[in-house]
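Me: Got a minute to go through a model with me? I'll paste it below.
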Amino acid sequence: MGDGMLHGIRLSDGRAQRYANRWVRTKTFETGGPVIGADRRVDLRAGSANTSVVEHAGRIFALVESSFPCEITPQLETVGAYDFDGRLHTAMTAHPKRCPVTGELHFFGYSAMPQLPALAYHRVDSAGALVESRIIDIPGRTMMHDFAITPNYVIFMDLPVVFDPQRAMQGTMPFRWSDDYGARLGVMNRAGNETVRWFDIEPCYVFHVVNAFEDGDRIVLDAARYKELWRNNANDFGEAKLHRWTLDLASSAVREQPLDDTPVEFPRIDESRTGLSYRYGYALADLGEARSGIVKHDFATNRKSSFVCDDGQIAGEFVFVAAADAKAEDDGWILGLVYDQTRDGSDFVIVDARGLTRIATVQLPQRVPGGFHGAWLPGL
Ligand SMILES: [Fe+2]
């Protein structure tokens, strides 16, 4: 619920040249204006912009799923809310997906408020123009944090964490678990405007998708799955584990497969594989015995390896960066922030993505509070 703060580390010539942090100066930060006013009107220009960062067609956005994107500069100064030249009329997820085949940015916006669609899909071309929006019918008002694309399809997750006005009044996350809502994955053709085809699945919750891909008539979706979420209150998290759904478009059958028992979150991949067959994912993991680290999951063999933090250190999300001349999918590095409890400080850590050995540690000049998602923005 807090205001977004950006932390930037500039790397060049083999060195960390600069660290800077800045608040995202959204309308809410500057004036306190809420996303939902006392008159229940939604102000998509307000919001916290506290969840993720994405760059597309020369613009950098700080994102939170309740609001328009907030444009920022490479120096982390705030430009302001961005509505794609007046074409966007919903919020924007913090997890848009760039299609490596077309260079388009796909995203959705959802809302719990009746004056906005429960779910809308949007497509931005490679030059940055919002060129398509579609309203998607879903039975209720659910919290939708992430989705997936493949070259031909968009996959939505309509899961049983539903809007709860009572929790909204209490100032906590305004959603709760529902035993009645059911759970379904929606498959939408990227071309044409057929209705979305829904596949019922076992009730669960997913914040983050690892990836999806097409396999003939099947669509495979991998994600970090919670058995349930927020039954009693918004601290009711449980653990997320890697899970695979295989949707058979010919027979309408759904296959569910738990993949691993390690509690994970914040999975990332080589984003040049988004929507395509892929082999590796990298996720923040609870490795047991108070050990934090990053698990590299090999989806081809269902085996894993890990980078384990030192005693008293806690990792955040690690982002995959491919080598410029990469010859294999894991030819590159994973980069992230590690909090060191013993000195109450933070390190920027670079790990070789193949062998998971530490390549470099940069001690930052100040502690970086725990956050959500990061991004590698090359060439700035
Ligand atoms: Fe997220």
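Reply: Sure. Before we talk contacts: a contact here means heavy atoms within 4.5 Å. Also keep in mind that this is a predicted model.

Me: OK, so what share of the contacts with a separation of 6 or more comes from residues 24 or more positions apart?
Reply: Such residues account for 46% of those contacts in the protein.

Me: And how many helices and strands are there?
Reply: The protein has two helices and 28 strands.

Me: Why would you call it as compact as a globular protein of that length?
Reply: The radius of gyration is 20 Å and the globule rule gives 21 Å for 380 residues, so the protein is as compact as a globular protein of that length. Along the principal axes, the C-alpha atoms fill a box of roughly 50 × 50 × 45 Å.

Me: How much of it is buried, and how much area is exposed?
Reply: Of the 380 residues, 53% are buried. The protein exposes about 17500 Å², with carbon and sulfur atoms supplying 47% of that area.

Me: Switching to the metal. What coordinates the iron ion?
Reply: Four histidines, each through NE2: H95, H145, H208 and H373, at 2.1 Å. Along the chain, the donors follow the spacing H-x49-H-x62-H-x164-H. H95 lies in the loop between β6 (78-81) and β7 (97-98), while H208 is in strand β17 (residues 205-215), so to speak a link between distant parts of the chain, 113 residues apart.

Me: Are H95 and H208 buried or exposed?
Reply: H95 is buried, and H208 is too.

Me: What geometry should I put down for the site of the iron ion?
Reply: Irregular: the angles among its four donor atoms run from 90 to 165°. To count as tetrahedral, all angles would have to lie between 85 and 135 degrees.

Me: Now the sheets. In what order do the strands of the four-stranded open sheet come?
Reply: The order is β11-β12-β15-β16, with antiparallel pairing. At the edges are β11 (148-149) and β16 (197-200), each pairing on one side only.

Me: How many bridges join β15 to β16?
Reply: Four bridges, between strand β15 (residues 184-189) and its antiparallel partner β16. R184 stands opposite D200 in β16.

Me: And what about the hairpin of β23 and β24: which residue takes a positive phi?
Reply: N302, with phi near 55°; this hairpin has four residues between the strands. Strands β23 (residues 292-298) and β24 (residues 303-308) run antiparallel and are joined by six bridges. G293 stands opposite V308 in β24.

Technical notes:
Residues numbered from 1 in each chain as written. Predicted model: local features only at pLDDT ≥ 70, side-chain atom pairs only at ≥ 80, totals over all residues. Heavy atoms only, no water. Donors = N, O, S within 2.8 Å, 3.2 Å for Na, K, Ca; no water. Tetrahedral: all angles 85-135°; square planar, octahedral: opposite > 155°, others 65-115°. Buried < 20%, exposed > 50% of the residue type's maximum accessible area, 1.4 Å probe, protein only. Pairing = 2+ DSSP bridges. Rg over C-alpha atoms; globule rule 2.2 N^0.38 Å. Areas by Shrake-Rupley, 256 points an atom, 1.4 Å probe, with all protein chains shown as cover.
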